[in-house]
Amino acid sequence: MKIFITGSAGFIGSALSLKLLEKGNTVVGIDNHNDYYDPELKKARVSRHINNRKYTHIEGNIEDRNLIRDIFRKYDFDAVVNLAAQAGVRYSIDNPYAYIDTNLVGFGNILEECRNNSISHFIYASSSSVYGLNSSQPFSTHDSVNHPISLYAATKKANELMAHTYSHLYDLPTTGLRFFTVYGPFDRPDMALQKFAKAIVSGDSIKVFNFGHHKRDFTFIDDIIEGIIRVINHIPTPNKSWKSESPDPSSSSAPYKIYNIGRNKPEELMKYIDSLEKNLGVKAKKDLLPMQPGDVPDTYADVEDLVSELDYKPKISLEEGIQKFVEWYKEYYKV
């Protein structure tokens, strides 16, 4: 297949590019290499696959309508995976336009070119953050998610609505993937694992919000990638059992589908920190703080549809995943 990946120098996008190339696919990737965090990390990720003869790397913004139009005209894509987004719940509180530009305008540009070029399957990253004030656990794609509590979450919910509209109006098959607390080698420096590791190694205290009572459905990067690859080859069709009087949010009378991809096993934040301490061989100094605005107390993925329809469930344990992360962290940062 020939696949277009946006955010191809990102944590998930680069890992997906690498795996798809290993399987013999052709990949065209785009990333703007912005300075939200150290651009050198993006270069390091892309260096793993940029010399593959079946990979083409484009530096640019998905908000650039003309650039996106020209890319779609030049290449005949079989599928598109949109992973480009301004990430981070907390950053969205003070920098809303970064999310509006990329997550809404950019997303719209990709959708429109998928329609104009009759793309067979459009896959995009949503987020567990869309569950917002929903306290029913485990989080199910069959439940309503109309109460996000951060602009980041709101843009991801908007992506799902925009995708459904294109599925309905233009018969464009779309699949949204709600990722749950992805972690692993090459992750972002603003994510908890790198922030904690850096502070612990430096002897600084780590900020532990909600006094450490958070639970998260930590999902290792390799499990996320396997889930995406299975979805690429599973093009949604209209749900013939869908009823407008009792609508199922996860599917539609259009070729539209939403999946959770999570470990389906929430772990306490303190266990996460404890595993990191053991692998680093250093005890952390903890600064216990109240919960931050925009955060949800716990996340827990219901992956029943993923299992029943794709015969897949993430399996890498927290302990194994953190061990792999620390091995990479020590090598990359020379600690």
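Contact here means heavy atoms within 4.5 Å. Keep that in mind for the exercises below, which work through a predicted model.

**Exercise 1. The surroundings of Phe218**

Task: Find where Phe218 lies, decide whether Phe218 is buried or exposed, and list what Phe218 is in contact with beyond its neighbours within four places in sequence.

Solution.
- Step 1: Start with the place. Phe218 sits in the loop that runs between β9 and β10 (219-220).
- Step 2: Turn to accessibility. The value for Phe218 is 5%. Buried means under 20% relative accessible area, so Phe218 counts as buried.
- Step 3: Collect the partners. With the neighbours within four places in sequence left aside, Phe218 is in contact with Phe180, Thr181, Tyr183, Arg263, Glu267, Leu269, Tyr272 and Leu318.
- Step 4: Add a distance. Phe218 and Glu268 are 50 residues apart along the chain, and their C-alpha atoms are separated by 9.7 Å.

**Exercise 2. How α9 and α11 pack**

Task: Describe the packing of helix α9 (residues 269-280) against α11 by axis distance, angle and handedness, then name the residues that make the contact.

Solution.
- Step 1: The two axes come within 9 Å and cross at roughly 45 degrees.
- Step 2: Name the orientation. Because of that angle, α9 and α11 are oblique to each other.
- Step 3: For handedness, α9 passes α11 in a right-handed crossing.
- Step 4: On the α9 side, the contact is made by Lys271, Tyr272, Ser275, Leu276, Asn279 and Leu280. The α11 side brings Leu318, Glu319, Ile322, Gln323, Phe325, Val326 and Lys330.
- Step 5: Sorted by class, the residues of this contact are seven nonpolar, three polar and three charged. Two names may look familiar: Tyr272 and Leu318 are also among the partners of Phe218.

**Exercise 3. A second partner for α11**

Task: Work out how helix α7 (residues 192-202) meets α11.

Solution.
- Step 1: The axes of α7 and α11 come within 12 Å, crossing at roughly 60 degrees.
- Step 2: The pair is therefore oblique.
- Step 3: This crossing is right-handed.
- Step 4: From α7, Leu193, Gln194, Ala197, Lys198 and Val201 meet Phe325, Trp328, Tyr329 and Tyr333 of α11.
- Step 5: The class count for this contact is seven nonpolar, one polar and one charged.

**Exercise 4. The pair α3 and α5**

Task: Decide whether helix α3 (residues 65-74) and helix α5 (residues 96-116) are roughly parallel or oblique, and describe their contact.

Solution.
- Step 1: The helices pack at an angle of about 30 degrees, and their axes are 10 Å apart.
- Step 2: Angles under 35 degrees count as roughly parallel, so that is the word for α3 and α5.
- Step 3: The crossing of α3 past α5 is right-handed.
- Step 4: Arg65, Ile68, Arg69 and Phe72 in α3 meet Asn109, Ile110, Glu113 and Cys114 in α5.
- Step 5: By class, there are four nonpolar, one polar and three charged residues in this contact.

**Exercise 5. Length and burial of α1 and α8**

Task: Check the spans of helix α1 (residues 11-22) and helix α8 (residues 221-232), then find which of their residues are buried.

Solution.
- Step 1: At 1.5 Å a residue, the twelve residues of α1 should span 16 Å, and the end C-alpha atoms are 17 Å apart, which agrees.
- Step 2: α8 also has twelve residues; its first and last C-alpha atoms are 17 Å apart, close to the expected 16 Å.
- Step 3: In α1, nine of the twelve residues are buried: Phe11, Ile12, Gly13, Ser14, Ala15, Leu16, Ser17, Leu20 and Leu21.
- Step 4: In α8, nine of twelve are buried as well: Ile221, Asp223, Ile224, Ile225, Gly227, Ile228, Ile229, Val231 and Ile232.
- Step 5: Look just past α1, where Gly24 follows with a positive phi near 90 degrees.

**Exercise 6. Backbone values to look up**

Task: Locate the positive phi values of Asn210 and Lys334 and the cis peptide bond at Pro138.

Solution.
- Step 1: Recall the background. Most residues other than glycine have a negative phi, and most peptide bonds are trans.
- Step 2: Asn210 has a positive phi of about 55 degrees. Asn210 lies in the loop between β8 (205-208) and β9 (215-216) and is buried, at 17% relative accessible area.
- Step 3: Lys334 has a phi near 55 degrees and is found in the segment after α11 (318-333). Its relative accessibility is 70%, so Lys334 counts as exposed.
- Step 4: The cis bond joins Gln137 and Pro138, with omega about 0 degrees. Pro138 belongs to the loop between β5 (122-127) and α6 (151-170).

Definitions and conventions:
Residues numbered from 1 in each chain as written. Predicted model: local features only at pLDDT ≥ 70, side-chain atom pairs only at ≥ 80, totals over all residues. Heavy atoms only, no water. Helix = DSSP H or I, 4+ residues; strand = E, 2+ residues; numbered from the N terminus. Expected span 1.5 Å × (residues − 1). Buried < 20%, exposed > 50% of the residue type's maximum accessible area, 1.4 Å probe, protein only. Axes fitted to C-alpha atoms, helices over the stretch in contact; angles between N-to-C directions. Parallel < 35°, antiparallel > 145°, perpendicular 65-115°, else oblique. Left-handed = near helix turned anticlockwise from the far one by under 90°. Nonpolar A, V, L, I, M, F, W, Y, C, P; charged D, E, K, R; others polar.
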